[in-house]
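Please load the model in a viewer with residue selection enabled. The tour below proceeds by selection, and each stop states what is to be found there.

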Amino acid sequence: MKLTNLLSAATLAAVAGTGATAEDSSDPIVIPIHNWSSQIVMSNVVGLIFEEMGNNVEYVTTDSQAVYESVRLGDVALEMEVWEGAFGASYRAALEKGGLHDAGDHDAVTREDWWYPMWTKESCPGLPDWNALNDCAHLFATAETGDKGRYLDGPVDWLKHGKERAEALDLNFTVINAGSAAALWAEIGAAEADKTPVLVFNWTPNFAEAVWPGEFVEFPAWEDGCDKDPAKGPNPNALYDCGNPAKGYLKKAAWDGMKDKWPAAYCALTEISFTNPQIAEMAKLVDTDELEPEEAAEEWLDANRAVVDPWISSCSS
C-alpha cells in the first residue's frame with residue numbers, strides 16, 4: 001500500500017512538472033466553410049495553422065446563419081468571420097443560449113451595405129445620399145424590374161433585409177437576391193464595359209474595393225435596435241430603416257468546450273487577428289487570381305510567415 005501511494009504521488013508530480021494537461025485532443029477540429037471567398041480561404045489558413053501545431057482538421061460546409069447554433073452545440077469548433085452587420089443577430093441569439101463565446105476581434109473594421117462603382121455616381125451625382133436613389137431609379141431599371149430600379153442584394157441566407165430596407169424607406173427599387181458572391185462580382189463586371197449604372201450589395205474588407213473603386217450608399221445612420229424597434233430610424237412604422245454599422249466588428253466565435261479539448265489550438269485562435277488588407281488579399285487570390293481556396297490558403301500562409309509564426313510559437317508547448 002505504501003509503495004502504491006509513493007508511485008501515485010510520483011506520477012502526479014511528474015505530470016504536473018511536464019505540463020501534460022496542455023495536450024490537444026487527437027479528435028479533428030471541425031471548421032465551417034461558407035459561401036464567400038475570404039471566409040473560405042481564412043478558414044483554410046487557420047486549418048493549416050492548427051495542422052502545423054499537430055492537430056487534425058476537418059472542414060464542413062455550413063449555413064452562415066445557422067453556424068452559430070452549430071458552434072454552440074459543439075458540432076463545429078469555431079467561426080472565423082462573425083460580421084456585425086450580416087450575422088450579429090444570429091451570433092447574439094446563440095450567445096444568449098450559451099455554449100459559445102467571443103474569442104476576440106480581428107483588427108479589421110467592416111462595413112456591409114448597398115454599394116455602387118464610381119461610374120454610377122457620374123450618372124447619379126446625388127449619391128452617396130440615399131435620397132438620390134429614387135431620383136435615379138430609372139437608371140437602374142431592367143426588363144426584370146420594369147419601371148423600378150434593380151438592386152442586387154446578397155444571397156438569401158445572408159439575411160441582409162434589402163427588401164425591408166426598400167419598403168421602409170419607400171425606395172422605388174425591386175430587390176433581387178444573388179445566388180452567390182460570384183454573382184455580385186459578375187454583375188459589376190458586366191456593367192463595367194459600357195459603364196452601366198449598377199447597385200449591388202458589397203462589403204469591406206474585400207478584393208472588390210481594389211478592382212472597382214466605389215462608395216457605399218449613405219442611409220440613415222445605424223441605431224441599436226433599428227432591426228427590432230420601429231421607433232428607431234426615420235420611419236416610426238418600420239424596421240430596417242437604417243444603414244448597417246459603418247464601422248462594424250469582425251469577431252471570432254468558439255465553442256465553450258474548445259479551450260479544454262484543444263487548448264493549444266484555442267490559444268492560437270485567440271491570438272489570430274487579421275487586418276483589412278490581409279483579408280482582402282485572401283479574397284483576391286480566389287476571386288481575381290482564380291486559385292482554388294486550398295491553394296490560396298497555402299500561398300497566403302507562405303507569404304505571411306512573419307505574421308503567423310508568432311501566433312504559433314506563443315501557443316506551442
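Begin by selecting Asn202 together with the residues it touches beyond four places in sequence: Arg111, Glu112, Asp113, Trp115, Trp185, Ala208 and Phe216. The model is a predicted one. Asn202 belongs to strand β8. Is Asn202 buried or exposed? With a relative accessible area of 2%, the residue is buried, because the cut-off for that class is under 20%. Now display side chains and add Asn206 to the selection: the side chains of Asn202 and Asn206 form a polar contact at 3.0 Å.

**The whole chain**

Zoom out to the full protein chain and colour by secondary structure. The chain contains 14 helices and ten strands. Its C-alpha trace spans about 90 × 45 × 25 Å along the principal axes. Of the 317 residues in the chain, 50% are buried. Among contacts with a separation of 6 or more, 72% are between residues 24 or more positions apart. Switch to a surface representation next: the accessible surface comes to about 14,300 Å², and carbon and sulfur atoms account for 53% of that area.

**The largest pocket**

Which residues lie nearest the centre of the largest pocket? Select Gly85, Ala89, Trp222, Asp227 and Tyr240, which hold that position among the 23 residues of the lining. The pocket has a volume of about 400 Å³. Extend the selection to helix α4, residues 84-97; this helix gives the most to the lining, with eight residues. Colouring the lining by class separates nine nonpolar, eight polar and six charged residues.

**The largest cavity**

Turn next to the enclosed spaces. Rolling a probe the size of a water molecule over the atoms shows where empty space is left. The structure holds three cavities of 30 Å³ or more, and the largest cavity has a volume of about 80 Å³. To see its lining, select Trp36, Trp83, Ala86, Phe87, Glu112, Trp158, Phe201 and Trp203. By class, this lining has seven nonpolar residues, no polar residues and one charged residue. Helix α4 and strand β8 each supply at least two residues of the cavity lining. Keep Glu112 highlighted for a moment: this residue lines the largest cavity and is also in contact with Asn202.

**Gly243 and its surroundings**

Select Gly243, in the loop between β9 (214-216) and β10 (250-255). Gly243 is buried, with a relative accessible area of 4%. Beyond residues up to four places away in sequence, Gly243 touches Asp113, Arg165, Phe219, Pro220 and Trp222. Two of these names have appeared at other stops: Asp113 is in contact with Asn202, and Trp222 is among the residues nearest the centre of the largest pocket. For a distance monitor, pick the C-alpha atoms of Gly243 and Ala306, which are 37 Å apart in space and 63 residues apart in sequence.

**Two cis peptide bonds**

Where are the cis peptide bonds located? Select Leu127 and Pro128: the bond joining them is cis, with omega about 15°. Pro128 lies in the loop between α5 (118-123) and α6 (132-135). Then select Thr204 and Pro205, which are also joined by a cis peptide bond, here with omega about 10°. Pro205 is in the loop that runs between β8 (200-204) and α9 (208-211).

**Two residues with positive phi**

Select Leu159, whose phi is near 50°, a positive value in a residue other than glycine. Leu159 is located in the loop between β6 (149-153) and α7 (162-168). Its relative accessibility of 40% makes Leu159 partly exposed.

For the final selection, choose Asp170, in the loop between α7 and β7 (173-177). Here too phi is positive in a residue other than glycine, with a value near 55°. Is Asp170 buried or exposed? Asp170 counts as exposed because its relative accessibility is 61%, and that class requires over 50%.

Conventions. Residues are numbered from 1 along each chain as its sequence is written. This is a predicted model: local features need pLDDT of at least 70, side-chain atom pairs count only at pLDDT 80 or more; totals for chains, interfaces and linings use all residues. Side-chain values use heavy atoms; hydrogens and water are left out. On a 1 Å grid over the protein atoms alone, a cavity is a set of points where a 1.4 Å probe fits but cannot get out, and a pocket is an open set with protein on both sides within 12 Å along at least five of seven lines; lining residues have an atom within 4 Å of a point. Grid points are joined across faces, edges and corners, and a volume is the space filled by probe spheres set on the points. Helices (H or I, at least four residues) and strands (E, at least two) are DSSP runs, numbered from the N terminus. Ala, Val, Leu, Ile, Met, Phe, Trp, Tyr, Cys and Pro count as nonpolar, Asp, Glu, Lys and Arg as charged, and the others, Gly among them, as polar. Buried means under 20% relative accessible area, exposed over 50%, partly exposed in between (1.4 Å probe, protein chains only). A polar contact is a pair of N or O atoms within 3.5 Å; within protein, one must be able to donate a hydrogen and the other to accept it, and residues adjacent in sequence count only if both atoms are side-chain atoms. Contact means heavy atoms within 4.5 Å. Accessible areas come from the Shrake-Rupley method with a 1.4 Å probe; for residues, only the protein chains shown count as cover.
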